[in-house]
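Okay, hi everyone, thanks for coming. I'll put the model up on the screen, and then we'll walk through it together.

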Amino acid sequence: MPDKPKVAFYWCASCGGCEESVVDLAEGILGVVDAVDIIFWPVAMDFKRSDVEAMADGSILVSMINGAIRSTEQEEMVRMLRRKSQLVIAYGACAHLGGIPSLANQFDRAQILKFVYEESPSTQNAQKVYPTTKYQDNGRTATLPELHRLVRTLDQVIPVDYYLPGCPPTPKLLQQALTALLTGAAPPKGTVLAPDIALCEECPRKDTKPADLSFTTFKRPHSSEMDPEKCLLAQGFLCMGAATRGGCEALCIQGNMPCSGCFGPTSRIKDQGAKFFSSICSNVAATAEKEIEATLATIPDPVGTFYRYGLAASLLRARMGRQAEA
Amino acid sequence: MQTRTITIDPITRLEGHGKIDIFLDDKGEVERAYFQVPELRGFETFSIGRPAEDMPQITSRICGVCPTAHHMAGTRALDDLYKVEAPPTGKKIRELVYNTFMLEDHALHVYILGGPDFIVGPTAPKALRNVVGVIQKVGVDVGKKVISMRRRLRDLISYFGGKVIHPVLGLPGGVSKGLNPDDLPGFKQLAEDGVEFAKFTLQVFKDIVLKNPEYVKLVTSDTYTHKTYYMGLVDENNRVSFYDGKIRVVDPSGKEYAKFPAQKYLDYVGEHVEPWSYVKFCYLKPLGWKGFSDGPDTSVYSVAPLARLNAADAMATPEAQKAREEYFATLGGRPVHFTLANHWARVIEMLQAAERMRELVNDPEITGKNIRTIPTATPTVGIGVVEAPRGTLFHHYETDEKGLIKKANLIVATQGNSARMAMGVEKSAKGLIHQGKADDGILNMIEMAFRAYDPCHGCATHSLPGEMPLIVSIRDTSGKIVQEIRR
Amino acid sequence: MSSPTTQPSNGKPRADWEPRIVAFFCNWCTYTAADLAGVSRMKHASNVRIIRVMCSGRVDPQFVLEAFAKGADGVLIGGCHFGDCHYSEGNYKAARRIRMLRRVLADMGIEADRFRLEWISASEGEKVKLVINDMAEKVKALGPLGMPGQFKDFDQEMEHLEAEAGVKEVAHAG
């Protein structure tokens with residue numbers, strides 16, 4: 001009886017939602033457990049880092065790693081898993097694109113630390129104590145990993161074989177991915193394991209999307225009526241679906257809210273945010289500079305809207321002009 | 001002086017990762033133990049410049065196990081920011097989603113995360129200290145019931161929120177989606193089944209834990225006792241509330257110390273910093289930081305089920321209230337200081353969540369069409385609070401006149417327990433490790449000291465020989481490892 | 001900073017450093033004007049690498065971002081005046097997109113003077129010269145943007161692999 005293929009799960013700068021998405025296989029997880037040997041899953045399992053280090057290189061079939069990389073410990077762990085695995089899957093938006101935590105690339109690490117440990121209104125820290133990587137106390141040394149200055153996608157740290165997009169990926173896509181890998185039907189390396197077409201294609205409101213869009217103003221959901229049947233972009237809401245890969249079956253739209261872009265771009269786009277705003281700006285009605293300005297002023301937060309999940313993976317990656325020791 | 005170090009790395013089921021450094025003196029007794037959180041992402045800073053209405057979805061990414069808690073705290077902050085109130089149907093839908101979430105998230109912990117320590121036992125073979133062992137103990141049918149019940153509850157959250165992991169429904173003044181009357185019968189059935197499930201869970205707990213004198217001894221032992229203040233949200237009748245109300249704090253003797261609306265949280269909540277952890281430690285600001293100590297002079301408080309039951313005078317629903325009365329009668333009256341009693345209090349809260357679900361689905365307004373009020377005020381400051389499963393959660397937003405965030409301050413539930421967890425880990429380590437001996441059973445019992453709080457990253461374990469990977473390395477003073485224990 | 005454009009000791013640009021500016025010129029107007037400037041032997045700064053596109057509306061914001069990401073210190077776009085577009089609408093689209101792109105660049109810390117949009121008709125050879133010279137001067141004053149070098153700098157934080165936290169590999173006890 002051949003050994004079951006070995007699988008590992010690991011989390012970096014993550015929220016745990018990707019771990020929950022595996023649980024949301026519900027009854028389906030029993031089939032997974034039958035088919036594979038999960039040999040490393042720190043939230044759940046008996047195996048330690050040194051057990052994995054003792055394994056032969058390449059003896060793990062696939063490691064699924066979620067979360068962005070933002071500390072020395074996370075970097076070490078993913079390098080080690082890469083050595084030990086035949087395949088590495090970047091699981092979820094953070095590993096794939098940087099995710100919401102990569103919005104921190106718009107700010108300095110120093111600014112983040114200063115707010116948390118000094119400036120936050122509830123923090124009482126007159127001595128300006130900061131967490132330190134080596135804390136000496138009476139001959140004792142307690143250690144902490146260091147935060148990187150930059151948030152990175154998984155493939156900015158190690159080579160990645162496949163990507164499962166989404167915040168989080170849906171159980172259905174996970175199931176499909178596992179089946180493909182275990183039955184030897186794996187697609188070409190580098191593939192993002194979701195349909196390579198914009199979300200509009202699977203949106204329940206597709207039929208109400210007009211052939212021509214024309215914007216005089218953009219609306220924000222909190223202050224506008226939202227028609228629960230019509231295409232959200234056509235109503236003037238910033239629905240990222242037009243520049244976002246499908247595969248989620250338009251869950252947020254079914255909650256009557258616009259897509260925020262968590263599946264990232266299709267394969268034909270380098271920078272999801274730029275592609276989206278290029279497209280909607282093309283469809284702004286105004287032709288005079290002042291009116292163009294007035295229309296675009298109704299978009300409140302370009303970076304947070306267009307790059308909410310993908311700042312680390314975007315062409316610019318991070319805010320320039322940061323201090324050397326930030 | 002010879003110092004030996006025991007490092008437990010990683011601990012799991014926390015926000016991100018965690019580790020414990022234990023230092024022994026030359027007699028092998030524990031001198032000091034540090035409970036360390038090695039991670040930080042910086043949500044408060046990268047929220048700057050974001051539209052406030054995006055905050056419920058952005059902050060839900062703080063935690064994918066309890067995203068609904070952040071989503072709801074953010075939505076309440078938006079209500080305050082725009083000085084707008086949801087119409088009755090909008091409020092009720094929010095409360096329905098929220099209680100459903102409390103029920104399924106507590107069930108995750110009871111059956112799959114912390115529960116195995118009791119349902120299977122703290123010294124049971126490690127291969128059984130997980131949901132497989134739980135299923136063996138309570139039966140396959142029950143196991144399927146748990147998985148299926150959680151799935152159905154989470155489907156309700158998806159119905160209103162689009163997705164269950166990072167839902168989208170929250171808007172200032174309401175929600176984004178209403179309840180179609182055709183779908184109501186299914187939810188009514190779900191609520192009934194939920195109440196039965198919660199009652200069943202309570203019975204399981206009584207049969208397996210309370211009828212076992214060893215467990216009762218463990219729960220009431222001094223090793224796992226801390227006398228701190230307790231904080232929880234209460235309604236206008238001082239009953240436990242998850243979604244709305246005022247924050248009430250009682251002192252270690254159970255007397256009310258303070259009761260205040262969310263807007264006044266800065267008068268009471270302080271955060272303390274230590275150099276050996278990235279997490280901050282909450283305490284009562286007016287008393288000043290008094291260190292990691294408990295007793296009448298402490299300024300440390302605690303949150304989550306144990307604390308909520310202590311801080312309130314009653315539960316808000318009848319069956320839960322009966323269960324609460326029995327709880328206090330058994331454990332010697334209010335307040336209860338036994339950390340492990342969190343497990344029991346959690347089950348009682350499941351009952352309230354389910355009963356409240358049932359009240360709401362049977363309320364005729366739940367299918368109303370008016371689900372939101374569109375705000376018109378100019379925003380400046382908004383503060384929202386909810387009870388996350390793991391404790392009191394504060395979201396505080398300050399914006400410009402366009403509603404873009406200028407400053408955000410978030411006090412995340414588990415921080416309300418971080419001081420108590422640090423004390424608990426050290427106390428249990430000191431109580432359990434002697435002459436340098438730390439075997440597998442001892443390790444698990446140290447873990448139980450923090451696991452009872454259900455720290456924020458309680459993630460799934462399933463069908464797997466699920467205990468956390470632990471390495472205990474005992475080094476001599478030159479750093480050479482002289483013994484290693486693995487499990 | 002360790003890019004070859006800077007002096008090793010103080011991070012300031014070398015005295016002989018010249019900015020590299022990428023220009024996207026629309027075929028019908030600006031590119032023709034640039035030709036005219038050349039034929040008329042107007043001298044302008046040599047910092048500009050010109051890429052001919054059929055219309056300013058062809059300039060995808062991704063081109064601009066990629067130019068900066070690959071090391072450009074400045075990006076210039078030249079198109080037809082409103083009303084003169086060979087394809088009627090193209091320059092309006094460019095105007096709208098570039099406005100939004102400006103905001104993104106500002107929010108991402110790229111100074112305004114590094115990115116410029118000009119409407120230049122086919123006969124305005126002199127304007128081409130003036131714009132290029134002016135931009136080269138302004139970008140030179142700002143110094144190099146040097147994005148590739150900046151990221152190489154950042155990546156130095158990934159070079160240490162020694163475990164600070166966690167347990168090193170050891171032999172089993174006994």
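Before anything else, a word on "domain": the bounds I'm about to use come from an automatic or database domain assignment. And keep in mind that what you see is a predicted model.

So, chain A. It's split into domain 1, covering 6–100 + 150–182, then domain 2, which is 107–148, and domain 3, which is 199–306. Look at domains 1 and 3 of chain A: their C-alpha centres sit 31 Å apart. Where they touch, domain 1 of chain A puts in 8 residues and domain 3 of chain A puts in 6. Which helix gives the largest share on the domain 1 side? That's helix α5 of chain A, residues 92–97, with 3 residues. By class, that side of domain 1 of chain A has 5 nonpolar residues, 3 polar ones and no charged ones.

Next, the sheet. Find the five-stranded one in chain A: it's an open sheet of 5 strands, ordered β2-β1-β3-β5-β9, with parallel pairing. The edges are β2 (37–40) and β9 (162–164) of chain A; each has a single partner strand, so one side of each has no neighbour in the sheet. On average, neighbouring strands in this sheet are turned by 30 degrees against each other, ignoring direction.

Let's zoom in on one pair there. Strands β1 (residues 6–11) and β3 (residues 60–66) of chain A run parallel, with 5 bridges. If you want a spot to click on, A:Ala8 has A:Ser63 in β3(A) as its bridge partner. Then there's helix α4 of chain A, residues 72–84, lying across β1, β3 and β5 of chain A, at about 135 degrees to β5(A).

Now for an antiparallel pair: β6 (residues 134–137) and β7 (residues 140–143) of chain A, joined by 4 bridges. In β7(A), A:Thr143 is the residue opposite A:Lys134. Together β6(A) and β7(A) make a hairpin with 2 residues in between, and A:Asn138 in the turn has a positive phi of about 55 degrees.

Last stop, the contact between the chains. Chain A brings 72 residues to it and chain B brings 81. Several elements of chain A supply at least two residues each, including α2 (28–35), α6 (109–119) and the hairpin strand β7. Which element of chain A supplies the largest share? It's α1(A), with 7 residues. As for classes, the side of chain A that touches chain B has 40 nonpolar, 21 polar and 11 charged residues.

That's my tour, thanks for listening!

Notes:
Residues are numbered from 1 along each chain as its sequence is written. Chains are lettered from A and ligands numbered from 1 in the order in which they are written. This is a predicted model: local features need pLDDT of at least 70, side-chain atom pairs count only at pLDDT 80 or more; totals for chains, interfaces and linings use all residues. Two residues are in contact if their C-beta atoms, placed from the backbone, lie within 7 Å. Ala, Val, Leu, Ile, Met, Phe, Trp, Tyr, Cys and Pro count as nonpolar, Asp, Glu, Lys and Arg as charged, and the others, Gly among them, as polar. Two strands pair if DSSP finds at least two bridges between them. Axes are lines fitted to C-alpha atoms, for helices over the stretch in contact, and angles run from 0 to 180 degrees between N-to-C directions.
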